[in-house]
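The following exercises concern charged side-chain pairs and a surface patch. Each task is followed by a solution in steps.

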Amino acid sequence: MSIVKKMVVGYFVIVFVPVLSFGIYFYNQVYDNMLQRFGESRQQIIRQAYSNLQVEMTNIESIYQLLQYNAYVVEYLDGTYAKEGDSVYSFLKYIRPLLAYPMLGRSEIQSIRLYKNKPEVFPIVDQVIDLSELDERRAIETSSLPPGKGMWFRDAASPESLELLYVQPIYNDRFTEKLGLMEVRVRPGMLDQFFEALGSRDGWEIYLLSGAGEPLQARNADPKRPSFDLARLKDSSDNAVLFNGDFIANGLALEELDMKVVVVGRGNELFRSINEREVLLIGGIVLLLLTLSVIYYTMFLSIGRRISRLSRHMRYVGEDSLRLVDVPRKQDEIGSLYGSYNAMIRRIDELINNVHRAELRHKEAAYKVLQAQVKPHFLYNTLESIRMLAVANDDTEVAEVSFAFGQLMRYSLGSRREDTELAAELDIVANFLKVHKVRFRDRLHYELDVQADIANVYCPRFMLQPLVENCVVHGLSKVRRPVFIRIAVRETPSEIVVEIADDGAGIPGERLQAIRSELRKPGGGASSAADTEGIGLINVSERIKSFFKGNSRLEIDGKEGAGTACVLYLDKGGVMGRESAAGG
């Protein structure tokens with residue numbers, strides 16, 4: 001798939017689908033949240049309006065306290081006044097002002113009546129009435145009320161108005177006999193205030209339902225023909241219900257009045273603010289999608305074009321065409337990629353040229369090696385001719401020296417390997433001493449003592465020769481007396497030990513300590529022992545440590561005027577590993 005197709009697929013996967021999914025999810029969440037909050041706020045308003053109505057109802061119920069605990073009212077209803085004049089006087093002087101007092105400043109109270117239970121009590125028109133004139137249903141319902149309890153009733157004066165009545169029994173001083181009833185009739189204005197608090201002036205439809213769900217009264221609507229099925233709120237008396245998105249209905253039970261109020265809001269007016277927020281929300285999502293699309297398209301042009309250009313250039317790059325690509329001005333990661341690509345092209349071109357030059361050098365080196373091989377063979381043949389001539393002249397010493405020197409030359413120039421057998425190294429040391437024996441005569445004596453199985457034991461080439469040369473150069477040349485050089489090979493359970501000792505000039509104590517310190521350093525060095533002897537010892541020490549590994553080491557001991565001893569400890573683990581490698 002090309003990068004263009006990948007970028008298009010990436011746009012739908014990274015930008016379009018996530019933004020659209022998030023927008024739909026966020027829209028639903030916000031819309032549902034707005035509706036829920038709106039419904040809850042409306043429900044709170046209804047509860048607050050009902051709380052205010054309950055306060056008014058409680059004030060009306062408190063009138064009972066004025067009458068029940070007034071002695072004149074109790075005596076009047078108990079029939080204490082036998083004469084009509086006394087009854088009228090007591091009523092006008094004490095009871096009538098008492099009945100008029102609660103109505104002062106309370107326009108919602110229409111009238112206060114007393115219903116007498118005893119026939120002998122003198123009646124007063126519209127104020128003290130016989131209990132028989134009370135509505136039969138109310139008389140039955142109030143007959144079972146306990147002392148201190150009252151009951152609210154509703155009275156539909158007309159289809160547009162609804163009056164409320166509060167009725168509570170009045171007892172004698174000891175609450176042992178029911179003397180009558182108090183009836184407080186409330187004007188429709190108290191419910192009008194309740195309806196206004198619910199939003200009747202703002203066009204909200206308000207329905208008053210009976211406890212059984214039958215419509216009693218409505219504002220801004222016809223109670224006989226409601227705009228929705230009121231039965232749908234039958235089981236949801238204290239919540240908000242959304243109907244098809246057209247309107248929202250809040251219901252609340254008015255328990256004291258055995259009624260339910262339902263407030264309904266129409267969709268066009270109700271959701272106007274929500275629709276405005278909805279348009280803003282959808283517009284924001286679309287704007288976000290367009291912004292991200294433009295950003296993605298700009299990034300696509302910035303990235304896709306340059307990558308495509310680099311890809312086309314890479315298709316035509318070959319050994320015969322290593323031209324550089326033009327680096328764009330924009331210095332970002334892709335610009336760095338262009339720069340790295342050009343650097344790689346230059347490096348490839350350089351490597352190709354190096355390979356060509358290396359091939360030429362290799363051919364030249366092969367030619368020089370071929371030339372160099374002629375010189376050692378000429379030297380070997382010359383030494384062999386000298387040896388044969390000495391043998392023919394019966395000169396044994398010259399023949400032996402020529403043979404020993406020839407072996408040294410073959411060992412030095414003949415092999416390209418870095419290692420050799422320990423036995424071969426000992427033979428070369430012996431030939432080296434034979435050559436020097438001719439020079440020093442009786443001043444040089446030597447001995448080789450091998451007390452170990454060294455068959456197939458390998459070691460670095462020229463491991464022993466520098467140590468033996470130190471014995472000759474530094475031990476023998478500095479004294480006039482004879483010097484004895486001893487080379488001994490022995491083994492322990494874990495090591496092969498090679499000791500090279502002489503009894504020559506020895507070594508000063510300070511210089512011996514300096515060489516020992518350099519030998520103990522990791523990696524070796526020659527800072528304080530920078531002479532031929534020190535460098536040779538350190539070189540041999542590092543070679544055996546690298547070759548035999550483990551605890552392999554070189555130790556030196558000596559005393560000025562008494563000689564020097566160098567001991568090589570070769571770890572058998574490294575020895576056996578080299579044997580296996582050589583055998584393989």
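**Exercise 1.** Determine which side chain meets glutamate 163 in a salt bridge, and where the two partners lie.

*Solution.* Step 1: the side chains of glutamate 163 and arginine 185 form a salt bridge, with an N to O distance of 2.9 Å; the term denotes a side-chain nitrogen of Lys or Arg within 4 Å of a carboxyl oxygen of Asp or Glu.
Step 2: glutamate 163 belongs to strand β4 (residues 161-171) and arginine 185 to strand β5 (residues 178-186), so the bridge ties together parts 22 residues apart in sequence. Helices (H or I, at least four residues) and strands (E, at least two) are DSSP runs, numbered from the N terminus.
Step 3: both glutamate 163 and arginine 185 are buried, where buried means under 20% relative accessible area, exposed over 50%, and partly exposed in between (1.4 Å probe, protein chains only).

The model is predicted: local features need pLDDT of at least 70, side-chain atom pairs count only at pLDDT 80 or more, and totals for chains, interfaces and linings use all residues. Residues are numbered from 1 along each chain as its sequence is written, and side-chain values use heavy atoms, with hydrogens and water left out.

**Exercise 2.** Locate the partners of the salt bridge between glutamate 491 and lysine 572, and classify their exposure.

*Solution.* Step 1: the N to O distance in this salt bridge is 3.0 Å.
Step 2: glutamate 491 is in strand β14 (residues 483-491), whereas lysine 572 is in helix α15 (residues 572-583), so the pair connects parts 81 residues apart in sequence.
Step 3: glutamate 491 is partly exposed, at 36% relative accessible area, and lysine 572 is partly exposed, at 22%.

**Exercise 3.** Describe the salt bridge between aspartate 78 and lysine 118, and identify the network that contains both.

*Solution.* Step 1: these side chains meet at 2.4 Å, N to O.
Step 2: the pair links distant parts of the chain, 40 residues apart: aspartate 78 is in the loop between α3 (71-77) and α4 (84-100), and lysine 118 in the loop between β1 (109-116) and β2 (128-130).
Step 3: aspartate 78 is partly exposed at 27% relative accessible area, while lysine 118 is buried at 15%.
Step 4: salt bridges with shared partners join Asp78, Lys118 and Glu177 into one network. The structure holds 13 salt bridges.

**Exercise 4.** State where valine 13 is placed, and whether valine 13 is buried or exposed.

*Solution.* Step 1: valine 13 is in helix α1 (residues 3-61).
Step 2: valine 13 is exposed, at 55% relative accessibility.
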